Amino acid sequence: MSAGTSLLRLPAEGPATRFFAVAYLPTYIGALFVLLLVWAGAPGGDVSLRRAWRTATGLSAGEALWIALAVTVAATVFQPFQQAVVRLLEGGWPDALGAGAARRLQRGRKARLEAKAALPTGPGDVSPEEVQRAGAAAARLRRRYPLPDHLLRPTALGNVLAAVRDSAAREQGWDVAVAWPWLYPVLGDRTRAVVDDCRDSLDAAARLCVTSGITALVSAGLLIRSGWWLLLALVSAAVAALAYHGAVQ
């Protein structure tokens with residue numbers, strides 16, 4: 001497939017698929033979860049999943065259309081904030097909100113990983129097992145943290161992305177932030193597909209993490225007087241945690 005054909009395909013497929021995966025789907029999941037709680041009787045003490053099911057199955061086509069339209073509008077409005085979402089998960093918040101303490105915690109974790117990656121310097125031969133363990137720790141260190149300490153970020157995701165920016169094209173002496181906008185347009189179709197898939201996966205996981213976190217807070221507020229039903233808020237919190245882990249991976 002030629003580059004011209006690939007460019008012609010982008011408006012038809014790329015943006016629509018990205019919008020659905022990154023913006024629409026996480027918003028739809030969060031909105032549906034909150035709606036189900038409201039239909040079940042929250043806020044209040046009498047929560048019934050059967051009531052939520054009856055309400056959901058009793059929706060008219062017009063009501064379902066209005067819900068879908070509202071989700072689409074919300075996803076569209078918040079789509080331009082995607083970069084801010086990733087920056088938030090990277091640790092883009094002030095020291096007054098704990099960024100400094102989180103950065104010190106990350107520095108300590110990096111130091112412990114550096115100690116594992118160092119081979120013993122005392123007398124005697126180094127065993128193959130020690131070399132293997134040190135090599136595995138060094139590989140993880142390169143993936144998880146940037147080399148200079150001043151580039152450390154308060155979060156695991158921030159440090160992974162900082163490590164990429166720090167190490168990419170270092171041997172060629174390039175600044176990846178400057179070179180990448182010039183390299184991307186000339187990528188081959190297969191390489192660009194892989195890059196776009198990774199980018200969309202990261203953005204989708206980041207959006208799902210933040211959306212699920214907000215949903216967990218809203219759910220906790222709705223279920224605060226509902227006894228054990230409050231544990232349903234942990235479902236959204238668990239999804240947020242898994243999505244963040246996926247973003248780091």
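This briefing covers helix 2, the nonpolar cores, the ring contacts and one cis peptide bond. The model is predicted. Helix 2 runs over residues 14-39 and carries a kink of about 40° at tyrosine 24. That tyrosine also belongs to an aromatic cluster with Phe20 and Tyr28. The largest nonpolar core holds 14 residues, and a second, separate core holds eight.

**Helix 2: length and bend**

- Helix 2 has 26 residues, and at 1.5 Å a residue these should span 38 Å.
- The end C-alpha atoms of helix 2 lie 36 Å apart, which agrees with that expectation.
- The kink at tyrosine 24 comes shortly before proline 26.

**Helix 2: burial and packing**

- The buried residues of helix 2 include Phe19, Val22, Ala23 and Tyr24.
- Further along helix 2, Pro26, Thr27, Gly30, Leu37 and Trp39 are buried as well.
- These buried residues pack against four helices: helix 3 (49-57), helix 4 (61-78), helix 5 (82-90) and helix 10 (189-222).

**Aromatic pairs and a charge over a ring**

- A search of the whole structure gives four aromatic pairs.
- One of them is phenylalanine 20 with tyrosine 24, a stacked pair at 6.0 Å centre to centre with 20° between the planes.
- Both of these residues lie in helix 2, four residues apart, or about one turn of the helix.
- Tyrosine 24 also pairs with tyrosine 28: their ring centres are 6.0 Å apart and their planes meet at 15°, so this pair is stacked. The cut-off for stacking is under 30 degrees.
- Tyrosine 24 and tyrosine 28 are likewise four residues apart in helix 2, about one helical turn.
- Phe20, Tyr24 and Tyr28 thus make up one aromatic cluster.
- Burial varies along the cluster. Tyrosine 24 has a relative accessible area of 16% and is buried, because the limit for buried is under 20%.
- Phenylalanine 20, at 45%, is partly exposed, and tyrosine 28, at 35%, is partly exposed too.
- Elsewhere, arginine 192 places its charged end over the ring of tyrosine 184, 5.1 Å from the ring centre.

**Nonpolar cores**

- In soluble globular proteins, nonpolar side chains tend to be buried together.
- Within the 14-residue core, Leu89, Leu157, Ala206 and Cys209 touch the most other members.
- Helix 5, helix 8 (156-167), helix 10 and helix 11 (233-248) each give two or more residues to this core.
- The second, separate core of eight residues includes Trp39, Ala42, Ala52 and Leu223.
- Alanine 206 touches Gln82, Val85, Val86, Leu89 and Ala247, leaving aside residues up to four places away in sequence.

**After helix 2: glycine 41 to proline 43**

- Glycine 41 comes just after helix 2 and takes a positive phi of about 120°.
- The peptide bond from alanine 42 to proline 43 is cis, with omega near -5°.
- Proline 43 sits in the loop between helix 2 and helix 3.
- Alanine 42 is also one of the eight residues of the second core.
- Alanine 42 and glycine 221 are 179 residues apart in sequence, yet their C-alpha atoms are 9.3 Å apart in space.
- Glycine 221 belongs to helix 10.
- With a relative accessible area of 47%, glycine 221 is partly exposed.

Key. Residues numbered from 1 in each chain as written. Predicted model: local features only at pLDDT ≥ 70, side-chain atom pairs only at ≥ 80, totals over all residues. Heavy atoms only, no water. Expected span 1.5 Å × (residues − 1). Bend = angle between axes of the 7 residues up to and from the residue. Buried < 20%, exposed > 50% of the residue type's maximum accessible area, 1.4 Å probe, protein only. Contact = heavy atoms within 4.5 Å. Core = buried A, V, L, I, M, F, W, Y, C linked by side-chain atoms within 4.5 Å. Phe/Tyr/Trp six-rings, centres within 6.5 Å; stacked < 30°, edge-to-face > 60°. Lys NZ or Arg CZ within 6 Å of the ring centre and 35° of its normal.
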